[in-house]
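Biologist: Could you take a close look at the charged side chains of this protein and tell me which of them pair, which gather together, and how each is placed with respect to the surface?

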Amino acid sequence: MIVYHGSNVIVNHPDVEHSFRSLDFGKGFYVTTVKEQADRWARRKADIFDADNAIVTVYDMAEELSGLNCKRFRDDLTDWIDFVCRCRDGETDYQQYDLIEGKVANDKVFRVVDMYHAGIWDKERALKEIKVYPDYDQIAFISQRAINQLLNYKSFYEVIET
């Protein structure tokens, strides 16, 4: 399976040490199967670091997960939204996994999660709102062992502004 990582640099040797903050699934190395999403991540990272280049690194990801402890959020948004809120609160229960897969809280979904997290919306309303947004995915590599076992650098490309 082909996966993408958006950044402002080429990441041909990914690691979990360079994750600078906890995201939806905690600290880790994040990829997606959606090329356009990786392009947006790359442009955002270039903006954050005032970098000249927005780069997407492409990997082959093996699908054999044997020996890894994986958490997959398929259609279970109830568990997903609570997990994301715990990670954003700095809780570390994500560290029990090598790999976590699920929906990504893009800008619109992020606002819904924030409304729920702040107690402004109840879970039912937040989940109803999230379901109307397009599905984007993310895969968080929490352990270096998962990266070493599953990811193989393939190529990179620069995202051109349109």
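Modeller: A salt bridge here is a side-chain nitrogen of Lys or Arg within 4 Å of a carboxyl oxygen of Asp or Glu. With that cut-off, Arg86 and Asp93 qualify in this predicted model, because their side chains meet at 3.0 Å, N to O. Arg86 is partly exposed at a relative accessibility of 25%, and Asp93 is likewise partly exposed, at 25%.

A search of the whole structure gives 8 salt bridges, and some of the others deserve a closer description. Arg72 pairs with Glu101, with the closest N and O atoms 2.7 Å apart. This pair links distant parts of the chain, since Arg72 lies in strand E4 (residues 70-72) and Glu101 in strand E5 (residues 99-103), 29 residues apart. The surroundings of the two partners can be read from their accessibility: Arg72 is partly exposed, with a relative accessible area of 38%, whereas Glu101 counts as buried at 14%. Asp79 and Lys71 also form a salt bridge, at 2.9 Å from N to O, and Asp79 is partly exposed at 25% relative accessibility. Finally, Asp24, Arg88 and Asp114 are joined in a network of salt bridges.

Other acidic residues gather on the surface instead: Asp47, Asp50, Asp52, Glu158 and Glu161 make up a patch of negative charge there. Asp47 belongs to helix H1, which covers residues 35-48, and with a relative accessible area of 64% this residue is exposed. Asp39 is found in helix H1 as well, but Asp39 counts as buried, at 13% relative accessibility. Setting aside residues up to four places away in sequence, Asp39 touches Val56, Tyr157 and Val159.

Strand E7 (residues 151-158) holds a further charged residue, Lys154, which is partly exposed with a relative accessible area of 47%. Beyond its neighbours within four places in sequence, Lys154 is in contact with Ile2, Val58, Tyr59 and Asp60. Lys154 is 40 residues from Asp114 in sequence and 36 Å from Asp114 in space, taken from C-alpha to C-alpha. Strand E7 also contains Tyr153, a residue that is partly exposed at 37% relative accessibility and that joins Ile10 and Phe156 in a nonpolar surface patch of about 270 Å².

Notes. Residues are numbered from 1 along each chain as its sequence is written. This is a predicted model: local features need pLDDT of at least 70, side-chain atom pairs count only at pLDDT 80 or more; totals for chains, interfaces and linings use all residues. Side-chain values use heavy atoms; hydrogens and water are left out. Patches are made of residues with over 30% relative accessible area and no salt bridge: like charges are joined within 9 Å, nonpolar side chains (Val, Leu, Ile, Met, Phe, Trp, Tyr) within 5 Å. Accessible areas come from the Shrake-Rupley method with a 1.4 Å probe; for residues, only the protein chains shown count as cover. Lys and Arg count as positive and Asp and Glu as negative; His and the chain ends are not counted. The place of a charge is taken as NZ of Lys, CZ of Arg, CG of Asp or CD of Glu. Helices (H or I, at least four residues) and strands (E, at least two) are DSSP runs, numbered from the N terminus. Buried means under 20% relative accessible area, exposed over 50%, partly exposed in between (1.4 Å probe, protein chains only). Contact means heavy atoms within 4.5 Å.
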